[in-house]
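Student: I should like to learn how the features of a structural model are read. May we work through one together?

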Amino acid sequence: MLNQSGWRNFLYILPAVFIYSLFLLLPLLISLGVSFTEWDGTNWPIFNGFGNFVKMFGDPVFWISLGNNALLMLFYTLFPLTVGLALCSFLHDMRSDAERSLLRILFFLPYIMPMAVLGVVWRWLYNPAFGPINQFLRAIGMPHLALSWLGNFGWALPAVGLVATWYFFGFCLVLFMSGIQRMDPSLLEAAQLDGSSARQKFIRITLPSLRPEIRLALLMTVIASLKAFDLVYVMTQGGPGTTTMVTNLYMYKQGFDLHYFGYASSVALVSTLIVFVINAGIHFIIRERY
């Protein structure tokens, strides 16, 4: 049992507090200070008040990148959760444990790979000249569907988003399967005796029981959609034009390409604030009710 002394208890968490402060809180405070300055990374920062924020909210590219992040939420969040729930219901009804475990492992495999590596692989798959996707479409007599997927203004963002869906749905599936395993099987048996269909059991019993897992999946995938960078950078670098530009990539280009570090810090702070607000909303909406 832990010693009740406040000082001794503080010593237990001191290493974690130190690491957390050094690598998160301190950079956040520095970024907050830099966001109110004009700084190119070499000269002394020049204080300009809220100038960076005024410029940011008046920049159409920032709003385009924010809108692209919102659209990517469909592919990072809605589609993986929907596919994960559907496959979870399907795998749960399978009688063979070996087949269920094998499929669960296969679906989860993309999630254990770095997203940047997947971006390189899928960029090759989408290649308009020799990519397997277009080669297959030509082979089956549908060459009119063989597009320049990552160079098309209408298809670039969905093409990147589908990779994110493929990446996250296995994570959602495994999370939901673990939630089903902790459920009391007598609830489903009682519903079956009452004549409930499979759809009714899923909607009225299984889905409400998965509220903690759904909340966690929402938090993880929404944060990933707002922090999207590596996949977009590797596959399109924000192009064509600003079709796939997202806030983190916009911040990166402003800071490391154009050396507007003060402006990039203001973008980073607004993005962080959006993450906090959305996370708080998810916690409030999908909360445990007693």
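Tutor: Let us begin with a term. A residue is called buried under 20% relative accessible area, exposed over 50%, and partly exposed in between. Please keep in mind throughout that this model is predicted.

Student: Is His-259 buried, partly exposed or exposed by that scheme?

Tutor: His-259 has a relative accessible area of 40%, so His-259 counts as partly exposed. The residue is found in the loop between H12 and H13.

Student: What is notable about the backbone of His-259?

Tutor: The sign of phi is the item to read. His-259 is not a glycine, yet its phi is positive, about 65°. This residue follows H12.

Student: Which other residue that is not a glycine has a positive phi, of about 55°?

Tutor: That residue is Gln-237. Gln-237 sits in the loop between H11 and H12. With a relative accessible area of 43%, it is partly exposed.

Student: Where is the cis peptide bond that involves Pro-240?

Tutor: Omega is the angle to inspect here. The bond from Gly-239 to Pro-240 is cis, with omega near -5°. Pro-240 belongs to the loop between H11 and H12.

Student: What does Thr-242 touch?

Tutor: A contact list is read by leaving out residues up to four places away in sequence; for Thr-242 it then holds Val-61, Ile-64 and Asn-68. Thr-242 itself lies in the loop between helix H11 (230–235) and helix H12 (247–257), and its relative accessible area of 29% makes it partly exposed. Sequence separation and spatial distance may also be set side by side: Thr-242 and Phe-168 are 74 residues apart in sequence and 25 Å apart in space, C-alpha to C-alpha.

Student: Which residues of H12 are buried?

Tutor: For a helix, one asks which residues are buried and what covers them. The buried residues of H12 are Thr-247, Asn-248, Leu-249, Tyr-250, Gln-254 and Gly-255. Their cover includes H3, helix H10 (211–226), H11 and H13.

Student: How many residues does the largest nonpolar core have?

Tutor: A nonpolar core is a set of buried nonpolar residues joined through side-chain atoms within 4.5 Å. The largest one here has 33 residues, and those with the most contacts inside it are Met-56, Tyr-76, Tyr-126, Leu-231 and Met-235. Helix H2 (51–57), helix H3 (60–92), H5, helix H7 (156–181), H11, H12 and helix H13 (261–285) each supply at least two of its residues. H7 gives the most, with 7 residues. A second, separate core of 29 residues includes Leu-81, Phe-169, Met-177 and Leu-188.

Student: What does Met-235 touch?

Tutor: Apart from residues up to four places away in sequence, Met-235 touches Gly-119, Trp-122, Arg-123, Tyr-126, Leu-150, Val-160 and Val-163.

Student: Which residues form a nonpolar patch on the surface?

Tutor: A patch is read through its members and their accessible area. Here Leu-102, Ile-105, Leu-106, Leu-109, Ile-112, Met-113, Val-117, Val-121, Trp-124 and Phe-130 form one, with about 920 Å² of accessible area together. Helix H4 (97–108) and helix H5 (115–125) are the elements that give two or more residues to the patch. Trp-124, which lies in helix H5, is partly exposed, with a relative accessible area of 45%.

Student: Which residues does UniProt list for the domain "ABC transmembrane type-1"?

Tutor: An unreviewed UniProt entry lists residues 66–282 under that name. In the model, this span is 74% helix and 0% strand, and its end C-alpha atoms lie 19 Å apart.

Conventions: Residues are numbered from 1 along each chain as its sequence is written. This is a predicted model: local features need pLDDT of at least 70, side-chain atom pairs count only at pLDDT 80 or more; totals for chains, interfaces and linings use all residues. Side-chain values use heavy atoms; hydrogens and water are left out. Helices (H or I, at least four residues) and strands (E, at least two) are DSSP runs, numbered from the N terminus. Buried means under 20% relative accessible area, exposed over 50%, partly exposed in between (1.4 Å probe, protein chains only). Contact means heavy atoms within 4.5 Å. UniProt positions are given in the numbering used here, feature names are shortened, and annotations may be inferred rather than shown by experiment. Patches are made of residues with over 30% relative accessible area and no salt bridge: like charges are joined within 9 Å, nonpolar side chains (Val, Leu, Ile, Met, Phe, Trp, Tyr) within 5 Å. Accessible areas come from the Shrake-Rupley method with a 1.4 Å probe; for residues, only the protein chains shown count as cover. A salt bridge is a side-chain nitrogen of Lys or Arg within 4 Å of a carboxyl oxygen of Asp or Glu.
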